[in-house]
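Reader: I am in my first year of study and would like to look closely at a single part of this structure. Could the charged pairs and the helices packed beside them be explained to me in one connected account?

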Amino acid sequence: MRRKIVAGNWKMNKNVIDAQQLMIQLLSYKNTSTTNCEIWIAPPSLYLMMAKDIYEKDEIGVFSQDMSEYESGAYTGELSADMLESIDVTGSLIGHSERRQYHGETDSHCNRKVKLALDKGLIPVYCNGETLEQRKAGQHFEVVKNQTEVALFTLSAEEIKKVVIAYEPVWAIGTGETASPEQAQEIHAHIRSIIAAKYGQEVADEVSILYGGSVKPDNAKEIFSQPDIDGGLIGGAALKLEDFSKIIEAFN
């Protein structure tokens with residue numbers, strides 16, 4: 001059975017007091033509710049150690065929003081896989097569209113990051129997806145295929161089973177636009193078929209693929225009910241427990 005996951009990407013939001021409050025609220029919710037999926041959060045890096053202190057029993061997965069492609073060295077402002085592993089975080093987002101857009105990340109960068117994460121026992125959440133222009137031009141299948149192959153296809157079959165993929169149509173991130181459940185399922189099935197062609201169907205069926213793109217309480221259940229969608233990478237709705245908990249409950 002593939003793991004079902006609802007992951008919250010907090011991006012550059014929350015001061016330390018508000019972040020701590022939301023973490024504690026989320027832990028209380030987890031401990032008093034029946035949930036049928038794993039709950040992960042990716043807070044700003046400044047708060048990773050605080051999150052690990054609060055979730056000392058690993059009730060909730062703690063992820064970095066990014067990590068360096070280098071093991072160590074003179075890379076000011078970067079976080080290494082070793083650093084993340086040393087504070088026992090669960091893993092890292094890799095290749096989020098905002099990292100690609102604002103920081104020039106490529107699929108080759110992502111490939112090196114994914115390999116480093118796996119080498120340190122971290123779960124890489126590899127993000128891919130097309131822009132609006134690429135979607136309108138009918139290039140979305142080819143774009144996602146190329147992203148997946150360049151970033152992941154140097155991995156062994158055992159390694160790729162440990163990767164979580166987050167498909168996020170760039171045109172639906174923070175815009176209020178959402179791919180229809182059918183559009184999302186179509187691409188998720190496409191990604192799984194690409195993996196199956198390289199590694200076999202049995203391996204592809206073990207890879208969790210999340211949808212990221214304006215998931216909200218009122219559309220989560222329909223999106224998550226699609227056969228190849230294993231959960232969501234949630235942005236704005238992850239910043240309020242009321243909204244995030246309702247998305248989690250879409251699996252109930």
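Author: What follows is an account of the salt bridges, followed by the helices in contact and two residues in loops.

The model is a predicted one. Side chains of opposite charge can pair when their charged atoms come close. A search of the whole structure gives 21 salt bridges. Three of these pairs are described below, together with the places they join.

The account may begin with D230, which forms a salt bridge with K4; their closest N and O atoms are 3.2 Å apart. This pair links distant parts of the chain, for D230 sits in the loop between helix 11 (220–224) and strand 8 (231–234), whereas K4 sits in the segment before strand 1 (5–9), 226 residues apart. The surroundings of the two partners may also be stated. D230 has a relative accessible area of 0% and is therefore buried. K4 has a relative accessibility of 27%, so it counts as partly exposed.

The loop that holds D230 contributes another pair. D228 forms a salt bridge with R192, and here the closest N and O atoms are 2.6 Å apart. Because D228 lies in the loop between helix 11 and strand 8 while R192 lies in helix 9 (residues 181–199), the pair ties together parts that are 36 residues apart in sequence. With a relative accessibility of 15%, D228 counts as buried. R192 is buried as well, its relative accessible area being 3%.

These two pairs belong to a wider arrangement. R2, K4, R192, D228 and D230 are linked in a network of salt bridges.

A further pair involves helix 5. E159 forms a salt bridge with K115, with the closest N and O atoms 3.5 Å apart. Here too distant parts of the chain are linked: E159 belongs to helix 8 (residues 157–160) and K115 to helix 5 (residues 107–119), 44 residues apart. E159 counts as buried at 18% relative accessibility, because the limit for that class is under 20%. K115, at 28% relative accessibility, counts as partly exposed.

Helix 5 holds other charged residues that deserve attention. One of them is D107, which is placed in helix 5. D107 has a relative accessibility of 12% and so counts as buried. When its neighbours within four places in sequence are left aside, D107 is in contact with R100, Y126, N146, Q147, V150 and A151. K113 is also placed in helix 5. At 4% relative accessibility, K113 counts as buried. Residues up to four places away in sequence not being counted, K113 touches D66, M67, S68, E69, I94 and E105.

The account now turns to the packing of helices. Two packed helices are described by the angle between their axes and the distance between the axes. For helix 5 and helix 7 (residues 140–152), the axes come within 7 Å and cross at roughly 40 degrees. The two helices are therefore oblique to each other. The crossing of helix 5 past helix 7 is right-handed. On the side of helix 5 the contact is made by D107, S108, C110, N111 and V114, and on the side of helix 7 by N146, Q147, V150, A151 and L152. Five of the residues in this contact are nonpolar, four are polar and one is charged.

Helix 7 also packs with helix 9, the helix in which R192 lies. The axes of helix 7 and helix 9 come within 10 Å and cross at roughly 45 degrees. These helices are therefore oblique to each other. Helix 7 passes helix 9 in a crossing that is right-handed. The residues making the contact are H140, F141, V144, K145, T148, E149 and L152 from helix 7, and E186, I187, H190, I191, I194, I195 and Y199 from helix 9. By class, the contact of helix 7 with helix 9 comprises eight nonpolar, three polar and three charged residues.

Two charged residues in loops complete the account. K14 has a phi near 80 degrees, which is a positive value in a residue other than glycine. K14 lies in the loop between strand 1 and helix 1 (16–32), and at 29% relative accessibility it counts as partly exposed. D88 has a phi near 65 degrees, again a positive value in a residue other than glycine. D88 lies in the loop between helix 3 (81–86) and strand 4 (91–94), and with a relative accessible area of 47% it is partly exposed.

How values were computed:
Residues are numbered from 1 along each chain as its sequence is written. This is a predicted model: local features need pLDDT of at least 70, side-chain atom pairs count only at pLDDT 80 or more; totals for chains, interfaces and linings use all residues. Side-chain values use heavy atoms; hydrogens and water are left out. A salt bridge is a side-chain nitrogen of Lys or Arg within 4 Å of a carboxyl oxygen of Asp or Glu. Helices (H or I, at least four residues) and strands (E, at least two) are DSSP runs, numbered from the N terminus. Buried means under 20% relative accessible area, exposed over 50%, partly exposed in between (1.4 Å probe, protein chains only). Contact means heavy atoms within 4.5 Å. Axes are lines fitted to C-alpha atoms, for helices over the stretch in contact, and angles run from 0 to 180 degrees between N-to-C directions. Angles under 35 degrees count as roughly parallel, over 145 as roughly antiparallel, 65 to 115 as roughly perpendicular and the rest as oblique. A crossing is left-handed if the near helix is turned anticlockwise from the far one by less than a right angle, and right-handed if clockwise. Ala, Val, Leu, Ile, Met, Phe, Trp, Tyr, Cys and Pro count as nonpolar, Asp, Glu, Lys and Arg as charged, and the others, Gly among them, as polar.
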